[in-house]
Protein chains: 2
Amino acid sequence: MATLKDVAREAGLSVGTVSRVLNNRGYISEETRQNVNRAMKKLNYQPNEMARSLSKQRSSMIGVIVPTISHPYFSKLIESMERAAHQEEYDLLLFVSQGRVDREEEYVRACISNRVAGLILCTGSVRTARLKNLGFPVVAYERLLNEADAGVECDNYEGGILAAQELIRCGCRNLLCISGIGEVSMPADVRRDGFMDACARHEGIRTQFFCCSEERITDLRYKSQLDECMDLYPDVDGVFASSDVIAAELLGVLSSRGKRVPEDVKIVGYDDVFVSELTTPDLTTIHQPVQEMARTCIDIIRRASENEAFPARTVLRVNLVRRGSTRTAQDE
Amino acid sequence: MATLKDVAREAGLSVGTVSRVLNNRGYISEETRQNVNRAMKKLNYQPNEMARSLSKQRSSMIGVIVPTISHPYFSKLIESMERAAHQEEYDLLLFVSQGRVDREEEYVRACISNRVAGLILCTGSVRTARLKNLGFPVVAYERLLNEADAGVECDNYEGGILAAQELIRCGCRNLLCISGIGEVSMPADVRRDGFMDACARHEGIRTQFFCCSEERITDLRYKSQLDECMDLYPDVDGVFASSDVIAAELLGVLSSRGKRVPEDVKIVGYDDVFVSELTTPDLTTIHQPVQEMARTCIDIIRRASENEAFPARTVLRVNLVRRGSTRTAQDE
DNA sequence: GGCTCTATGTCAATCGGTTGACATGTTTAA
DNA sequence: TTAAACATGTCAACCGATTGACATAGAGCC
């Protein structure tokens, strides 16, 4: 495997000059630059990132910890992160914690060992005291973490409002909000607040609330809980589900009870992942700007690395995507 | 950030001895080991993987290139890879190529630069000549790559047979096989062969074949193609879809045509990802042992790193999971 | 002619580990 | 008793870059 020294010899230059070309430092003539590039190509030179990171005291990798990627929301997120990272010349170190605190702490340690350029936390259970003075910036994604250096969220409150308005627009009067609540309070919790507040502003709207246990989020199986829920509230005519996956499962539960969507019950999901277009009918949902959120996370880390200023908190706009599950006669 | 030298000083030992403890080399007394561990804990020492990799000429990261992770099959795969990798003390470097050759080559270069312990290729478009003498083992996952050092697949032919048998068992006589074909020939192509061969062994079975273009696999949108397909073959009573996502979309297409599943049409999917339990009815499917396949890939890399022998080709068994989409009256 | 800018070279330290050679003791077992 | 096994130390080279100090020398300008 060719080294810088080999390239220098091949180009008839010193390592110092070649390193200057690679890192764009000091004065280099166009001729020399070409010469170096030619030599690198000829030797099929690939810089050793380990050596580079060691001397720079910082690698070009970004660590991301997520609870799962089986959930389509997180797979979409990771895909966006990967793209954004590589656009900024970073590589992505992926960690899946399954929501287990021990793993999360292990993964934070792995990030330290790898001297990552930054860490994006998409999971809330890490003991926050351990996030101080890590030597790299920590970005909290849709989590409330005081210890993080920055936070990126979408406007969950607004999302709740949009969902409520849509159901009310469709003539629903007997609303149900299904959401998951973990042990940690999360930005997503305020979706419900937005929903409830918007409902309260209208006359004659009944609202119920059902809490799906999210401890088994990695299972993606809520069906039995949703069945119980429908036993409790058999006469709802509009449901706001806090994720498209829950909404999709609800479709199955309703279908087995002979309820038709959207004729008998209207549904609004959340996230706008591919599942919402896979179901029959497809799902009206609140679109999260996942790509933009991912880009923001990466950009914060880039800025921090270059000692540029960056926002402590970024809240991005959501919007409603109307599909079959809230279609009414007059929409045709 | 504490270094090995700091730990040695704290423990009153030499760096050599501490390094021995870390790498389990030579003779170390239990007392010294404890002493070192205490010192490491006290200083909150995290070994610098960059330095370690540099001197070992090999990092403890495994690179994985996939075409997408939005597709539930790949997100399940990556989740399994991540788990298997960390169980063997590797970190995972994730690359999503979107099926673009230029990105794949860029990612292979990134793996070289990071001196990965191994590379798992879940995508077939890389120009194979570039995979020789990379300095680390390359494992082809569900791909035919002569240049790879090892291949891991599931028994796709058997999967096709199982699907055919199930549809025939349900009394279907007019079968359709929907599969995707890319430019590169892949192990998954033989699913069709298994299906067709099994059908040929039965009297009075008609078989059709429809080829879904997979160029837009990252889109996960096959609906319009499937609609055409149903125009072409309106009277099929049993369908084998080469992925659960296609099967799920087909459910929607059939529903909009007033066809009921499983009463009018029976469906068998492939993969056994969560989507198959999300639909109504849920999908009978061919289960791929993704976890075991992932573990096999990681194990091959571990063996290669330790100069142990490893199999050049591993083919894992699949099995049928019966659910609602092929349920008949007598199954009740 | 002196000054500054451009372009490159030499040299050595540094990043934080790993590893091997070699030395020096202390136990333990044959 | 004596060799082998155990336990640790010292020292230095090495992995492949980055970086800064300092030197050299030609080009362009006042």
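**Helix α11, the chain interface and the DNA strands in a predicted model**

Helix α11 of chain A covers residues 290-305, a run of 16 residues, and spans 23 Å between its first and last C-alpha, close to the 22 Å expected at 1.5 Å a residue. The model described here is a predicted one. The buried residues of α11(A) begin with Val290(A), Met293(A) and Ala294(A), continue through Thr296(A), Cys297(A) and Ile298(A), and end with Ile300(A), Ile301(A), Arg302(A) and Ala304(A). In an α-helix there are 3.6 residues a turn, so residues three or four places apart point the same way. The cover over the buried residues of α11(A) includes one helix, α5 (72-87), along with the strands β1 (61-66), β3 (118-121), β4 (138-141), β5 (150-154) and β11 (313-316), each from chain A. Just after α11(A) comes Asn307(A), whose phi is positive, at about 55 degrees.

In chain B, strand β11 (residues 313-316) holds Thr314(B). Is Thr314(B) buried or exposed? Its relative accessible area is 14%, and because the limit for a buried residue is under 20%, Thr314(B) counts as buried. Once neighbours within four places in sequence are left aside, the contacts of Thr314(B) are Gly151(B), Val152(B), Glu153(B), Thr296(B) and Ile300(B).

The two protein chains also meet each other. On the chain A side 53 residues take part, in contact with 53 residues of chain B. Together the chains bury about 4900 Å², with 55% of that area on carbon and sulfur atoms. Within chain A, the residues that lose the most area to chain B are Met50(A), Glu79(A) and Leu278(A), which together make up 15% of what that side buries.

Turning to the DNA, strand C is surrounded by 22 residues, and the closest come from both chains: Thr17(A), Tyr27(A) and Thr32(A), with Leu4(B) and Ser55(B). Sugar or phosphate supplies 68% of the strand C atoms within 4 Å of the protein, and bases supply the rest. By class, this surface has 12 polar, 7 nonpolar and 3 charged residues. Helices α2 (15-23) and α4 (49-56) of chain A, and α2 (15-23) and α4 (49-56) of chain B, each contribute at least two residues to the surface near DNA strand C. The most comes from α4(B), with 3 residues. Several polar approaches to strand C involve chain B. Ser19(B) places a polar side-chain atom 2.9 Å from a phosphate oxygen of DNA strand C, while an N or O atom in the side chain of Tyr45(B) is 2.8 Å from a sugar or linking oxygen. Asn48(B) uses a polar backbone atom, which lies 3.4 Å from a phosphate oxygen of the strand.

Around DNA strand D there are 24 residues, the closest being Leu4(A), Tyr45(A), Ser55(A), Thr17(B) and Thr32(B). Of the strand D atoms that come within 4 Å of the protein, 71% belong to sugar and phosphate. The surface residues divide into 12 polar, 9 nonpolar and 3 charged. A polar side-chain atom of Ser19(A) is 2.7 Å from a phosphate oxygen of DNA strand D, and a side-chain N or O atom of Ser55(A) lies 2.6 Å from a sugar or linking oxygen. From chain B, a polar backbone atom of Ser29(B) sits 2.6 Å from a phosphate oxygen of DNA strand D. Two or more residues of this surface come from each of α2 and α4 of chain A and α2 and α4 of chain B. Which helix gives the most to the surface near DNA strand D? That helix is α4(A), with 4 residues.

Terms used: Residues numbered from 1 in each chain as written. Chains lettered and ligands numbered in written order. Predicted model: local features only at pLDDT ≥ 70, side-chain atom pairs only at ≥ 80, totals over all residues. Heavy atoms only, no water. Expected span 1.5 Å × (residues − 1). Buried < 20%, exposed > 50% of the residue type's maximum accessible area, 1.4 Å probe, protein only. Contact = heavy atoms within 4.5 Å. Near = heavy atom within 4 Å. Polar contact = N/O pair within 3.5 Å; in protein donor to acceptor, adjacent residues only side chain to side chain. Nonpolar A, V, L, I, M, F, W, Y, C, P; charged D, E, K, R; others polar. Buried area = accessible area lost by both parts, 1.4 Å probe.
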